[in-house]
Amino acid sequence: MRQTTTLAMTVIAAAILAGCGGSDFQPKPKFSAQVSFGDSLSDVGTHAVGAVKTAGGGKYTINGDNTASNPELTGKNWTELTAAQFGLPAPCAAQTGLQGDASKGFSVPIVNHAGCYGYAQGGSRVTNPIGADNKATGSILGQLTVPVVQQVKNHLAAVGGKFKGDEIVFVMAGGNDVLSGLTELNTAATAAGTTAGANAFGASLVGQLAAGAPNPQSAAQAIGLALATENARPGHTDQTVIGAAVTAAVVAGNGAVASSAVYLPMVAKAQADANAAGFKAGNDYANAHGADLVKALAQAGAELAVIVKSQIVANGAKYIVVNNLPDVATTPSVTAQSPSIQALTANMVKVFNDALAAGLAGETTVLLIDVFTFSHDQALNPAAYGFTNTKDTACDLSPAKNLLSSSLTCNGSNLKAGDVSHYEFADGVHPTPFGNKLLARYVGDKVAAKGWL
């Protein structure tokens, strides 16, 4: 029997204490407020407006208080739970709104909320303002995705340019730099594969059709021109393009291809040639540019460290908790990808975390929490943490059940059948309330060990 790990035992011990005392900690009042910067993992309701709110969503987990059906379905994320642990008021979103498709209810005016210090926003990156589902990506949702560098500036502007020094400040970001980078790589690789496939299809079909003509060279030129002309015509289809090429071949003297029994096998071979060429080109592109993503994530990690030091530490914060990136490569979204993409993701996360740790070394007012090791151990030893499933999503993400196919619009009414309360993931990357609870306890334990409680 596999022994329970020390890390898992820490979480189990915290759970026992919680069961006895009703909360994880009973701290002496110390912090005046909780301030959080980051992305969807920490977002307490930036996009809980418009059609998202109507659909019963707003946070990136299983939304809503469903504790009547299951005590684990609290609808809370880890920052809400830490606030309760530390005896602080429930956090609220510093800014709300959407900039998406008005006809679908995704255009809602941006409102800044005085006294609310939950700056984390779904889709936000470290410094790049164009995050996941931002309107600039063409998304119908139009998430705000204010980057962390600007989130901190917004807070300083709201409080007079300085932290008081008795706030606890949470920073957790970089996940969207990983996922957006992978999305961009996939888009570019797909485009490269599509282009290569189309070129291979045309070359293969033209060559086969021209081979039976009296003058193959001139026939190939005529067939190629006919194929390209039809392909450029608005409203063309695969069938019309093939038809134009076959007709040109017949005119060029290869009358045999007028029969479908002759030209259809040629089309099939051309398609096979296209598939092979497209697959190779896509893979070649991804392999060639994967190193660019690794470099970009190392830079993002270093940038986040600079933000913490130059904007947060330098402006008076004394209790700063920075979570590194979890093991993104073990999320359902990434495990569904090829082994090479999984390996690339793992490397991107590693260099980000390494750069972040190097940049924050020696900062005594910063507590860097190793969430990566915590989440990696959960993937290896799920039962020790109380998880019943770490591979599938708790939310039914089908379009018929979920407006956005995302945890943002997941709630008690659109979960998968059965008891999903102890699943690790709500959707492809975001944890369930139970997963959030474990993270909150882990963070709280580290804060207490630091002597800040």
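1. Phe31 is buried (under 20% relative accessible area, 1.4 Å probe, protein chains only), with a relative accessibility of 8%. Tyr319 is buried as well, at 18%.

2. The model is predicted: local features need pLDDT of at least 70, side-chain atom pairs count only at pLDDT 80 or more, and totals for chains, interfaces and linings use all residues. Residues are numbered from 1 along each chain as its sequence is written, and side-chain values use heavy atoms, with hydrogens and water left out.

3. Nine aromatic pairs occur in the structure (ring centres of Phe, Tyr or the six-membered ring of Trp within 6.5 Å). One of them joins Phe31 and Tyr319, with centres 5.3 Å apart and planes at 70°, an edge-to-face arrangement (over 60 degrees). Phe31 lies in the loop between α1 (6-21) and β1 (33-38), Tyr319 in strand β5 (residues 319-323), and 288 residues separate them.

4. Ring pairs also connect Phe31 and Tyr319 with Trp78, Phe86, Phe170 and Trp452 in a cluster.

5. The protein has 12 helices and eight strands (DSSP runs: H or I of at least four residues, E of at least two, numbered from the N terminus). Its C-alpha atoms fill a box of roughly 95 × 50 × 45 Å along the principal axes.

6. Of the 453 residues, 50% are buried. Among contacts (heavy atoms within 4.5 Å) between residues at least 6 apart in sequence, 74% join residues at least 24 apart.

Terms used
Rings of Phe, Tyr and Trp (its six-membered ring) pair if their centres lie within 6.5 Å; planes under 30 degrees apart count as stacked, over 60 as edge-to-face and the rest as tilted.
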